[in-house]
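Colleague: I would like to learn how to read helix packing, burial and pockets in a model. Can we take them in turn?

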Amino acid sequence: MPFARLATATTPTCHIGLGLAAVGRPGYINLGRDEDLGENRTVEALRTRTHELLDAAYAQGVRYFDAARSYGRSEEFLADWLKARPDVDDIVVGSKWGYTYTADWTTDAEKHEVKDHSVQTYERQRAETAELLGDRLDLYQIHSVTPDSPALTDKKLHAKLAEAAARGVTVGFSTSGPAQADAIRAALAVTVDGEPLFRTVQSTYNALETSAAPALAEAHDAGLTVIVKEGMANGRLADPYAPEPLKAVAAEVSLGCDAVALALVLRQPWAGVVLSGAATATQLASNLHAAVVDLDEEQLTRLAALAEDPQVYWEHRAALPWH
């Protein structure tokens, strides 16, 4: 497992990863992103921004970097950064397949990505990822598995993924939607030749959406590395959008709402890596303070009251505009 590399890391931020969803393409749903990126969102502008974020993250102890085929040119930007820094050999690189980016570098496309978990899409996207990341790819995840995903039952796909695992690539999956727990448990039951297929799971968990926690604990107990995405609920838990109880706790610990929100995730015993989705170096530095946030029981009780019904949470997320 490539995540064994993190076990020997000594920085307090080694279990915070950097996700590239917000900087690999000009449009995304994070609140405030239009102000974060400004008007200049050319390929070269975002390539430069991504490289600056990767440099800042690595310098501050981050050791997991997460891309996807559907995050615009995120794999390309990450590959360029890796080629320019051949001495960076203590990181874990993950990507995802299953969505195809269709926005053609615009922010107002009718569809920004198209989902398809077929064997044909896997083979096409695996070749595309290999061309960019080569042997630097450690983890390849099925993007956004839901309980009705054919990826959970397609034996031919499972065999192809098992072949990739036999060649040294760790195979994982991510989840989304109000039934994440069901998807996680279904994926845990997938085996090839009697052996579990998946070694990692990446799911949404934050102060507003906590429903996957029991299933993620089960995945951890089964030996999977748990990666948490959207720990700040696409900006809903960051200033100035954060709910008042979170703002109050942040003021008490003299740190940002974002740091408190991510700290709440980091303290979960099953959380192996928690992703920052920062779009600026300033945001990243603030996110990384999560590693030193200490919350008492009374503060945790107040924050626990923020949890929403999963259906309500995911309906809200689906309504967020692409900036």
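Colleague: Within what distance do the axes of α4 and α5 come, and at what angle do they cross?

Modeller: Bear in mind that this is a predicted model. Two packed helices are described by the angle between their axes and the distance between the axes. Here the axes of α4 and α5 cross at roughly 30° and come within 8 Å. Angles under 35 degrees count as roughly parallel, so α4 and α5 are roughly parallel to each other.

Colleague: Which residues of α4 and α5 meet?

Modeller: From α4 come Glu 75, Glu 76, Leu 78, Ala 79, Leu 82 and Lys 83. They meet Thr 129, Leu 132 and Leu 133 in α5. By class, this contact has five nonpolar, one polar and three charged residues.

Colleague: Take one residue from each side. Is Leu 82 buried or exposed?

Modeller: Buried means under 20% relative accessible area. Leu 82, in helix α4, has a relative accessible area of 5%, so Leu 82 is buried. Leaving out residues up to four places away in sequence, Leu 82 touches Ile 91, Val 93, Leu 133 and Arg 136. Leu 82 and Leu 133 are 51 residues apart along the chain, and their C-alpha atoms are separated by 8.5 Å.

Colleague: And on the α5 side, which residues does Thr 129 touch?

Modeller: Thr 129 is in helix α5, which covers residues 119-133. Its relative accessible area is 1%, so Thr 129 is buried. Not counting residues up to four places away in sequence, Thr 129 touches Arg 69, Glu 75, Gly 134, Leu 137 and Tyr 140.

Colleague: Now the pockets. How much space lies in the second largest pocket?

Modeller: For a pocket, take the volume, then the lining, then the classes. The second largest pocket holds about 170 Å³ of space. Its lining consists of Arg 69, Gly 72, Arg 73, Glu 75, Glu 76, Thr 100, Tyr 101, Arg 124, Gln 125, Glu 128 and Leu 132. Elements giving two or more residues to this lining are α4 (74-84), β4 (99-101) and α5.

Colleague: Which element gives the most to that lining?

Modeller: That is α5, with four residues. Glu 75 and Glu 76 line the pocket and also take part in the contact of α4 with α5. Leu 132 appears in the lining too, and in the α5 side of the helix contact.

Colleague: How do the residues of the lining divide by class?

Modeller: Six are charged, three are polar and two are nonpolar.

Colleague: Back to helix pairs. At what angle do the axes of α9 and α10 cross?

Modeller: The axes of helix α9 (residues 244-253) and helix α10 (residues 257-266) cross at roughly 100° and come within 8 Å. Angles of 65 to 115 degrees count as roughly perpendicular, so α9 is roughly perpendicular to α10. In α9, the contact is made by Leu 246, Lys 247, Val 249, Ala 250 and Val 253. In α10, Cys 257, Val 260 and Ala 261 take part. This contact has seven nonpolar residues, no polar ones and one charged.

Colleague: One last residue. Where is Ala 187 placed?

Modeller: Ala 187 is in helix α7, residues 180-188. With a relative accessible area of 2%, Ala 187 is buried. Ala 187 touches Leu 152, Phe 173 and Phe 198, not counting residues up to four places away in sequence. The C-alpha atoms of Ala 187 and His 117 are separated by 14 Å, and the two residues are 70 residues apart along the chain.

Terms used:
Residues are numbered from 1 along each chain as its sequence is written. This is a predicted model: local features need pLDDT of at least 70, side-chain atom pairs count only at pLDDT 80 or more; totals for chains, interfaces and linings use all residues. Side-chain values use heavy atoms; hydrogens and water are left out. Buried means under 20% relative accessible area, exposed over 50%, partly exposed in between (1.4 Å probe, protein chains only). Contact means heavy atoms within 4.5 Å. On a 1 Å grid over the protein atoms alone, a cavity is a set of points where a 1.4 Å probe fits but cannot get out, and a pocket is an open set with protein on both sides within 12 Å along at least five of seven lines; lining residues have an atom within 4 Å of a point. Grid points are joined across faces, edges and corners, and a volume is the space filled by probe spheres set on the points. Ala, Val, Leu, Ile, Met, Phe, Trp, Tyr, Cys and Pro count as nonpolar, Asp, Glu, Lys and Arg as charged, and the others, Gly among them, as polar. Axes are lines fitted to C-alpha atoms, for helices over the stretch in contact, and angles run from 0 to 180 degrees between N-to-C directions. Angles under 35 degrees count as roughly parallel, over 145 as roughly antiparallel, 65 to 115 as roughly perpendicular and the rest as oblique.
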